[in-house]
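Q: I have a sequence and a model open side by side. Can you take me through how its features are read?

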Amino acid sequence: MRSIWNGAISFGLVSIPIKLVNATESHAVSFRQIHTEDGGRIRYRKVCELEDREVTQAEIGKAYEDADGSMIPITDEDLSQLPIPTARTIEIVAFVPEDRIDPLQMGSAYYLAASGAPAAKPYTLLREALKRSNRVAIAKFALRGRERLGMLRVVGEAIAMHGLLWPDEVRAPEGVAPEGGVTVRDQELDLADALMDTLGEIDLDDLHDEYREAVEEVVAAKAAGERPPQAREEAAPGKVLDLMAALESSVRAARESRDGEEAGPAEEAEVRSLPQRKTSSRRTPKETGGKKSTSTAAKKTAAKKAEPKKSTAKFAGPAKKTAAKGTAKKAAAKSTARSGDKGAAKSTAKSTPKKTAPRRRSA
């Protein structure tokens, strides 16, 4: 890796020659600007305002613009002679626990490579001291025309440095949090914990830039003269009735996703509370509605007067049925004894339930 800065680490009276190299790289897809009418490339050229001509990179220097607009030239030699110890040195000023560093302060990351054989021993000494102390080193250094703050820590067998913002460069989170007395119930926290447990942990190495991959597919398709892939249709989110329903839906969807199953529609989970409210409102009428059902059956029985046997079977219990049969037999026997006509006994047996049925209904 090509170094971007050469200097030394100042560790007390120990000096460690090092080279600063970038620890990260960008894989973003870059685009060029073109003229949409003919596809011509749009370029920016560096032109001197006084001579009105394009100049090369070797002719370009840096200057400070004063308040009146005048330019004060500043050369690399001027910057290298700054009267501060961090001009060419990473000066360690303290050792602190890593959790003392606010992640908001962390910026660009660099690797510190030992420069030459003489730097190997002191470099290893600093690395092992950081490992054993479980602390990080806070340092000051100068890079790209300004003094910066840095944090040195061990990564594998190397020493890495993170550029830090100065504390006064980090804004306070004023006006960011929601205002008002917002309260969260314990049940909602329990569901949030369940969702966190269901999602679990993940290996960061398994994550990748899907947006970059999609852009590369579009570029490849257009280069081949094919139609670019279309965006996938996403399911429309359901209406969120309350936070509890949304949490329950999220927990279930996360579990189904982990088990390799497809999650159900969001609307079903979000309306789970509605049937409970309807059921509770119907319980009381069901418990007190016995009399209503009896009266309804009585009305139906009255409407079927043409069928006396069926109505009697509905309202008469086992004892009443037996008594009715006994009365019919006695009446039939008397009628037979008097006339000796079997037909009269049958008619008497059929007419007897008709007389007793109204008494049972009125009772």
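A: This is a predicted model. A place to begin is F31, which sits in the loop between β2 (14-22) and β3 (47-48).

Q: Is F31 buried or exposed?
A: Buried means under 20% relative accessible area and exposed means over 50%. F31 has 60% relative accessibility, so F31 counts as exposed.

Q: Which residues make a nonpolar surface patch with F31?
A: V29 and V219 make the patch together with F31, and its area is about 280 Å².

Q: How do I read the strands as a sheet?
A: Strands of a sheet pair through backbone hydrogen bonds, and the pairing is either parallel or antiparallel. Here seven strands close into a barrel, and the pairing is mixed. The order is β1-β2-β8-β11-β10-β9-β7. On average, neighbouring strands of this sheet are turned by 40 degrees against each other, direction ignored.

Q: In what sense does β11 pair with β8 and with β10, and over how many bridges?
A: Strand β8 (residues 106-114) pairs with β11 in the antiparallel sense over five bridges. On that side, M106 stands opposite L164 in β11. Strand β10 (residues 146-155) also pairs with β11 in the antiparallel sense, over seven bridges. There M151 has H162 in β11 as its bridge partner.

Q: What connects β10 and β11?
A: The two strands form a hairpin with two residues between them. In the turn, G156 has a positive phi of about 65 degrees.

Q: How many residues of β11 are buried?
A: In a regular strand the side chains alternate between the two faces of the sheet. Strand β11 (residues 158-164) is mostly covered, with six of its seven residues buried.

Q: Which strand does β9 join, and how do the two run?
A: Strand β9 (residues 135-143) is joined to β10 by seven bridges, and the two run antiparallel. One facing pair is A142 and E147, the latter in β10.

Q: How many aromatic pairs are there?
A: The count comes to one aromatic pair. F11 and F95 form this pair, with 5.9 Å centre to centre and 70 degrees between the planes, which is edge-to-face. F11 lies in strand β1 (residues 5-11) and F95 in strand β7 (residues 89-97), so the pair links distant parts of the chain, 84 residues apart.

Q: Are F11 and F95 buried or partly exposed?
A: F11 is partly exposed because its relative accessibility is 23%. F95 is partly exposed too, since its relative accessible area is 30%.

Q: How should I read the charged side chains?
A: Side chains of opposite charge can pair when their charged atoms come close. The structure holds 12 salt bridges. In one of them, R45 meets E54, with the closest N and O atoms 3.5 Å apart. R45 is exposed at a relative accessible area of 55%, whereas E54, at 46%, counts as partly exposed.

Q: Which salt bridges have a buried partner?
A: Among them is the bridge of E128 with R127, at 3.1 Å from N to O. R127 has a relative accessible area of 12%, so R127 is buried, while E128 is partly exposed at 36%. Another is E188 with R185, at 3.3 Å from N to O. In that bridge the acid E188 is buried, with a relative accessible area of 10%, and R185 is partly exposed at 46%.

Q: Which residues are linked with R127 and E128 in a network?
A: K131 and E157 are linked with R127 and E128 in a network of salt bridges.

Definitions and conventions:
Residues numbered from 1 in each chain as written. Predicted model: local features only at pLDDT ≥ 70, side-chain atom pairs only at ≥ 80, totals over all residues. Heavy atoms only, no water. Patch = residues over 30% accessible without salt bridge, like charges linked within 9 Å, V, L, I, M, F, W, Y side chains within 5 Å. Areas by Shrake-Rupley, 256 points an atom, 1.4 Å probe, with all protein chains shown as cover. Salt bridge = Lys/Arg side-chain N within 4 Å of Asp/Glu carboxyl O. Helix = DSSP H or I, 4+ residues; strand = E, 2+ residues; numbered from the N terminus. Buried < 20%, exposed > 50% of the residue type's maximum accessible area, 1.4 Å probe, protein only. Phe/Tyr/Trp six-rings, centres within 6.5 Å; stacked < 30°, edge-to-face > 60°. Pairing = 2+ DSSP bridges. Axes fitted to C-alpha atoms, helices over the stretch in contact; angles between N-to-C directions.
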